[in-house]
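Colleague: Let us go through the ligand site. I will ask how each label is earned.

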Amino acid sequence: MSRELDPISKAIRIQNKKTVQKEHSTPLYLTSSFTFDDAETMRAAFADENDSNIYSRFSNPNVDEFVSKMCALEGAEDGFATSTGMSAIFSSFFALLKQGDHMICCSSVFGSTFTIVTKFFPRYGITCTLVPADDKDAWEAAVQPNTKMVYLETPTNPQIGIIDLEWAGQFTKKHNILLNVDNCFATPVIQRPIDFGADLVIHSATKWIDGQGRVLGGVIVGRAELVKDIYMFCRHSGPALAPFNAWVLSKSLETLDVRMERHSSNALKIAEALEQHPTVAWVKYPFLPSHPQYAIAKKQMKSGGGVLCFEIKGGAQAGARFLNALEMISVTANLGDSRSIAAHPSSTTHSKLTDQERISVGITPGLIRISAGLEKVDDIIADINQALAASQE
Ligand SMILES: *Cc1c(COP(=O)(O)O)cnc(C)c1O
């Protein structure tokens, strides 16, 4: 090509070299290992003197294609794909941190991430300070001489807080700390943390990247020298992404941009409708002008993304009645699907937290999270409206 393609076009056109069959869609390489023509080529492969595939725990053509597309989308030098989002997060921590290191972590992070930093870190001598998403003074005050990494999500799960990525990039540069960002909710077609100075970006590919609730997957992309250490950690500890899952995810990236446009426009219309509803105490969505960080969201995101949350009047009981009354929207522990999903975090994803921890990270009893699907938005809003009416009976 005479012209450098846009990252979104690259995610559609990057493809493994065609086989002799001249197929248009990449074949599935369901193989545990790869063969060598002779002992010398095999020796050289093990000595990293050539790029031959050896064993699918650390390299596979379907996985490599998926990673190349993710690097193009995020503007990253290199990456490694994992079996789940959690194994990506866990590996990025344990490959780069050691006993005696300190992390600063946004207090509102995915439930299992919270468990790793609060329950597992202490067993390995790693300390972690949790700071509220919107309190910049608390981030500054948390810095210690041994602080190695800042970890955050934006938008946060599930209360859709926004962290200023430009500020986070400058803050971590100033203190010489690695910036590791979970970009699951926005996806790279909406927001690219590396453009603001992130060193690593993590995804649960299970969510919007798959987009149809079929497979689990994760990926870490970022600076090549960091990914090298993560690769060694993963090569020997084994959280590899299955080739089949990689094939599904690579294909899904071809439609990510158009899907996210519709997810975002549906989510915005749902948020606007909820904001007018008498049974709803408040709604949070990045592109609603009422969002406290609306200006920051507008600065760093192309659209608001597919997730919104709201507080139903009547607390936990009304929340349960709302879920029970839904006729079309799915009640399931996932998000980022073509089918709209409703969830009640306090009784599910964040149930392992104590009441005190839940309140400190903003999980109120009546908090409902909606993952806007691709159905016609009038159908989604109609289902929400009838369930809201039922929730108050
Ligand atoms: C789901 C999720 C994860 C974990 O990903 P899995 O693929 O389920 O392991 C991490 N971060 C966020 C923001 C998520 O939504």
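**Ligand contacts and pockets**

Modeller: In this predicted model, a polar side-chain atom of Lys207 lies 2.7 Å from an oxygen atom of the ligand.

Colleague: What makes the Lys207 pair a polar contact?

Modeller: The cut-off is 3.5 Å between N or O atoms. The Lys207 pair is at 2.7 Å, so it counts.

Colleague: Which atom of the ligand pairs with the side chain of Thr206, and which with Asp182?

Modeller: For Thr206, an oxygen atom of the ligand, 2.6 Å from a side-chain N or O atom. For Asp182, a nitrogen atom of the ligand, at 2.7 Å. Both values are within 3.5 Å, so both pairs are polar contacts.

Colleague: How much of the ligand does the protein cover?

Modeller: 92% of the 380 Å² of accessible area that the ligand has on its own.

Colleague: What makes a residue part of the shell around the ligand?

Modeller: A heavy atom within 4 Å of the ligand. 13 residues surround the ligand, with Met86 and Ser204 among the closest. Helix H4 (residues 85-96) gives the most, 3 residues. By class, the shell has 5 nonpolar, 5 polar and 3 charged residues.

Colleague: Which pocket does the ligand sit in?

Modeller: The second largest. Sitting there requires more than half of the ligand's atoms within 2 Å of the pocket's grid points. The second largest pocket holds about 330 Å³ of space, and 21 residues line it, with Phe110 among those nearest its centre.

Colleague: And how much space lies in the largest pocket?

Modeller: About 670 Å³. Its lining has 30 residues, and H8 gives the largest share, 6.

Terms used:
Residues are numbered from 1 along each chain as its sequence is written. This is a predicted model: local features need pLDDT of at least 70, side-chain atom pairs count only at pLDDT 80 or more; totals for chains, interfaces and linings use all residues. Side-chain values use heavy atoms; hydrogens and water are left out. A polar contact is a pair of N or O atoms within 3.5 Å; within protein, one must be able to donate a hydrogen and the other to accept it, and residues adjacent in sequence count only if both atoms are side-chain atoms. Accessible areas come from the Shrake-Rupley method with a 1.4 Å probe; for residues, only the protein chains shown count as cover. On a 1 Å grid over the protein atoms alone, a cavity is a set of points where a 1.4 Å probe fits but cannot get out, and a pocket is an open set with protein on both sides within 12 Å along at least five of seven lines; lining residues have an atom within 4 Å of a point. Helices (H or I, at least four residues) and strands (E, at least two) are DSSP runs, numbered from the N terminus. Ala, Val, Leu, Ile, Met, Phe, Trp, Tyr, Cys and Pro count as nonpolar, Asp, Glu, Lys and Arg as charged, and the others, Gly among them, as polar. Grid points are joined across faces, edges and corners, and a volume is the space filled by probe spheres set on the points.
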